[in-house]
Amino acid sequence: MIYEMDQDEREILLQKFATVNRKLMTANEQLEQANRKIKEYEEKASKAENASKMKSLFLANMSHEIRTPLNAIEGFSRIMAETDSPDERMKFMEIIESNNSRLLSLVNEILDLSRVESGEIVIKNKPTDLGHLMSSIKQVFKFRCPETVDLIWTKPDIPVVMTTDENRLMQVFSNLISNALKHTSRGSITYGYNMLNDGRDIRFFVKDTGSGISPEFIDQIFNAYASQDANQQQGFGLGLALCRIIVEKMGGTISVKSKMGEGSIFTFEMPFHGTIGGVSTSNRSGTATNVRTLRVDAHLDEENMKTVLVAEDEESNFELVRIVLQKRYKLLRAHNGIEAVTINEDEKPDLILMDIRMPEMNGLDATRIIKEVSPETPVIALSAFAFEENIKEARAAGCDEFMAKPFRVEDLIETIDRYMKK
């Protein structure tokens, strides 16, 4: 029929067909774009749902991890106050101290992850006696292992001193052993190290006889928020993710082999720099101090005691310092930075413990003023803000030393004694 039309009619009709065809093509493109957007929205929704589930699982695991040591700390604190037996008190104190270390380690892991994600993790290498480090690990975990699990350190025949970041290496071992304890109800956890490639490399390991890791999950084991069994809350949390990041920062690699029902072995290898078979030199001071060293001679001459000014606005924090130091030094109290400046001018203390965050005037401003008047008086900063920038700010203000809260009592005593002897 189109051929019976004249030329003008055919052109008009062809133009209409072309217009309709263009509209169809445009509609088709719009439909494809809409389908792509729907697919993108579905993928985003799926990722958001998975992320939400992972975060919920992470929070559930963290809640479990935090409440467990808190329960022990609260419970044994009450029991310790009710017993008259010195031996029982010491036993309860050791349990409380162990769970306190566990809780602090968890908090540090959470903070470390945030620092890692912002690229702030720093490796500080120094000569480290590995034998002493391994022994310290044994001391840390001896009260956390149940009676049905043996913690075994495979000692090498010769001493090894390695140039590495001792604290980070300790953190990796602590995380791996803590993970092994979660999944090992009986049997053993073995840890140690051995040399590779004629001493050019070193391999560290933690091996357990626990429940093992399923094959489909093992590739995700070093990811944050990973969890093998949400129902049992037997997750791997942040610890293994931090292990991977720390080991890689130290120039090494970490891996795991496992068989369901037979256990797992985690290994991490890195280049070795140090000495083998030489004279071992410990670089850790006071790490193995027993809590019994807190007891001191009560018959001290108060008139000859040196004076410590404690600038602290929190009553519980001051009370802890008071109990620890009252038999060693004469104590003065400042509730804020202004009082600290005034008391320093009036009493001339031998040393100052300075909290950073206080009302009226903070510890940094107070330290700057004090150092102008008494530049020789040691000022030790005590702060719960313990990132690298906080330490630098304290140093810049004139603080001679920085200690993070919560601090180990033995470390506080040792640090004060060191400055008092100068």
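At 79% relative accessibility, Asp 198 is well past the 50% mark and so counts as exposed. In this predicted model, Asp 198 sits in the loop between E4 and E5, and its phi is near 55°, a positive value in a residue that is not glycine. Asn 197 is found in that loop between E4 and E5 too. Here phi is again positive, at about 50°, although Asn 197 is no glycine either. For most residues other than glycine, phi is negative. As for solvent, Asn 197 has a relative accessibility of 44%, so it counts as partly exposed.

Stepping back to the whole protein chain, there are ten helices and 15 strands. Of the 422 residues, 40% are buried. Among contacts with a separation of 6 or more, 67% are between residues 24 or more positions apart.

One piece of this architecture is a three-stranded open sheet, with antiparallel pairing and the strand order E1-E3-E10. Its edges are E1 (126-129) and E10 (274-276), each of which pairs on one side only. From one strand to the next, the twist averages 25°. On one side of E3 (residues 160-164), four bridges tie the strand to E1 in the antiparallel sense. Within that pairing, Pro 127 is opposite Thr 163, while Thr 128 faces Met 162 across the strands. E3 is also joined to E10, this time by three bridges, and the two run antiparallel; in this case Val 161 stands opposite Thr 275. E3 is mostly covered as well, with four of its five residues buried.

Packed on this sheet is helix H3 (residues 130-141), which touches E1 and E3 and has a direction about 60° from that of E1. At the start of H3, a side-chain oxygen of Asp 129 comes to within 3.0 Å of the backbone nitrogen of Gly 131. The length of H3 works out as it should: with twelve residues at 1.5 Å a residue, the expected span is 16 Å, and the 17 Å between its end C-alpha atoms agrees with that.

Which residues of H3 are buried? They are Leu 130, Leu 133, Met 134, Ser 136, Ile 137 and Phe 141. Because these residues cover an arc of only 155° around the axis, they lie on the same side of H3. What they pack against goes beyond the sheet strands E1 and E3: the list also takes in strand E2 (149-154), helix H4 (166-182), strand E4 (187-196) and strand E5 (201-208). E4 and E5 are the strands whose connecting loop holds Asn 197 and Asp 198.

Elsewhere in the chain, Thr 367 makes a neat counterpoint to the exposed Asp 198. Thr 367 belongs to helix H8 (residues 363-373). Its relative accessibility is 0%, so Thr 367 counts as buried, the cut-off being under 20%. What surrounds Thr 367, once neighbours within four places in sequence are left aside? The contacts are with Met 354, Val 379, Ala 397, Gly 398 and Cys 399.

Conventions:
Residues are numbered from 1 along each chain as its sequence is written. This is a predicted model: local features need pLDDT of at least 70, side-chain atom pairs count only at pLDDT 80 or more; totals for chains, interfaces and linings use all residues. Side-chain values use heavy atoms; hydrogens and water are left out. Two strands pair if DSSP finds at least two bridges between them. Axes are lines fitted to C-alpha atoms, for helices over the stretch in contact, and angles run from 0 to 180 degrees between N-to-C directions. Contact means heavy atoms within 4.5 Å. The expected span of a helix is 1.5 Å times one less than its number of residues. Buried means under 20% relative accessible area, exposed over 50%, partly exposed in between (1.4 Å probe, protein chains only). The arc is that of the directions from the helix axis to the C-beta atoms. A polar contact is a pair of N or O atoms within 3.5 Å; within protein, one must be able to donate a hydrogen and the other to accept it, and residues adjacent in sequence count only if both atoms are side-chain atoms.
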